[in-house]
Amino acid sequence: MANDPRRQPARGARSARSPWRQQAESYLNHHRKVARDSAQRLWHSPVASMMTWTVMGVALALPVALMLLLASLEGVSAGWESSARVTAYLSDTVSIEDARSLKAEVADDSRVAEVELIDRETALEEFRASSGLEDALDYLDGNPLPHTLLVTPSEGSRTADGVEMLLKVIEGLDGVDRVQVDLGWLQRLNAMTDLLGRAVWALALLLAAAVVLVIGNTVRLAIENRRDEILVAKLVGGTDAFVRRPFLYTGAWFGLGGGIVAFILLQVSLWWLSGPVERLAGLYRSEFSLSGLSVDGALALIIAAMLLGWLGAWVAVKRHLDDIEPGEIAGG
């Protein structure tokens, strides 16, 4: 059995795979060791690490908070846009049957979500009840109010251009005397929302660059403090990837801590502001409320922070590690 040729390929395959498995295990073990050592170095200098984490947390929390505020405002503005209805006043000669036909014709348009017909008698009764002029209205010879169509644009047409196009279509219908819609506030709302969105993204990019610079400067100081260790590692044949690895993990740990601090700051701010915001919204009969980060949003924030930390460390390592060469020892 020991000389069974059928067992020889299996041993050969295992022996051929063994070096690759050993290399992979050695590679992963080295990564785990470097990651643990980098975390321990940060833990042994808690004050400096906490200062860096706090700076990163503030820089990350500010644009995220503005994005959440913008998302909440867009949710409220969606309700405002839905109330931006086109009011079509029909001619006095249009009968109620013709008004119903016009309602059906307008409702068939794909840009229209809903059409409501208010006949002149209903409009007069509503005006009588809301104006307090019952006695004066009794002296009128007839009903001066026309039939009215209240047209709600579809979701895809609730923009300034979409409402204006729908306005022109309704104006061209026979029996429509006048069409009224306030496009000014809708245009201002869209312009303000677009401006706020661009400002938030610009601020986010600037603060992301600031985070990269802060991490880069911190890692640069760490490189200078470990200059002799780097020289020895390069002298014994350490590759650039080997020497670079601890500092990249340091940047990632800084990013992780900064992301957690940013999440905590966002939650504390949301808790502190939610009460006054809800009371203010209640006074204006608005459904506005501040929305916090979801679980996916929190994970995305932490991952983005770690990537920024890694990027800052990579920039610092790329810039300063090439200046450290083993020849310095020989020259000294």
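This report describes the overall make-up, annotated segments, salt bridges and selected residues of one protein chain in a predicted model.

**Overall make-up**

The secondary structure of the protein chain consists of eleven helices and four strands. The chain has 332 residues, and 35% of them count as buried. Its accessible surface comes to about 20700 Å², with 61% of that area belonging to carbon and sulfur atoms. Among contacts between residues at least 6 apart in sequence, 83% join residues at least 24 apart.

**Annotated segments**

An unreviewed UniProt entry carries the annotation "transmembrane region" for residues 50–73, 199–219, 252–273 and 293–317. Two of these segments can be set against the model. Residues 252–273 are 100% helix and 0% strand, and the C-alpha atoms at the two ends lie 31 Å apart. Over residues 293–317 the chain is 92% helix and 0% strand, with an end-to-end C-alpha separation of 33 Å.

**Helix α9**

Helix α9 spans residues 240–283, and Asp240 is placed in it. Asp240 has a relative accessible area of 38%, so the residue is partly exposed. Beyond its neighbours within four places in sequence, Asp240 is in contact with Lys234 and Leu321. Ile230 is ten residues from Asp240 in sequence, and their C-alpha atoms are 9.8 Å apart.

Ile260 also has its place in helix α9. This residue belongs to a nonpolar surface patch formed with Ile264, Val268, Trp271, Trp272 and Leu273. Together the patch residues have about 700 Å² of accessible area. The relative accessibility of Ile260 is 39%, and therefore Ile260 counts as partly exposed. Patch membership requires over 30% relative accessible area, a cut-off that Ile260 meets with its 39%.

**Salt bridges**

A search of the whole structure finds six salt bridges. Three pairs are listed below with their N to O distances.

| Basic residue | Acidic residue | N to O distance |
|---|---|---|
| Arg111 | Asp109 | 2.9 Å |
| Arg198 | Asp194 | 3.0 Å |
| Arg227 | Glu224 | 3.4 Å |

The partners in the pair Arg111 and Asp109 fall into two accessibility classes. Arg111 is partly exposed at a relative accessible area of 24%, whereas Asp109 is buried at 18%. The cut-off for buried is under 20%, so the 18% of Asp109 puts that residue in the buried class.

Arg198 and Asp194 both sit in helix α7, which covers residues 183–225. The two residues are four apart in sequence, which means that about one helical turn separates them; their side chains meet in a salt bridge at 3.0 Å. Arg198 counts as exposed, with 60% relative accessibility. Asp194 is partly exposed, its relative accessible area being 42%.

In the pair Arg227 and Glu224, Arg227 is partly exposed with a relative accessible area of 23%. Glu224 also counts as partly exposed, at 35% relative accessibility. Apart from these pairs, a network of salt bridges links Arg41, Arg226 and Glu229.

Notes. Residues numbered from 1 in each chain as written. Predicted model: local features only at pLDDT ≥ 70, side-chain atom pairs only at ≥ 80, totals over all residues. Heavy atoms only, no water. Buried < 20%, exposed > 50% of the residue type's maximum accessible area, 1.4 Å probe, protein only. Contact = heavy atoms within 4.5 Å. Areas by Shrake-Rupley, 256 points an atom, 1.4 Å probe, with all protein chains shown as cover. UniProt positions renumbered as here; feature names shortened; annotations may be inferred. Salt bridge = Lys/Arg side-chain N within 4 Å of Asp/Glu carboxyl O. Patch = residues over 30% accessible without salt bridge, like charges linked within 9 Å, V, L, I, M, F, W, Y side chains within 5 Å.
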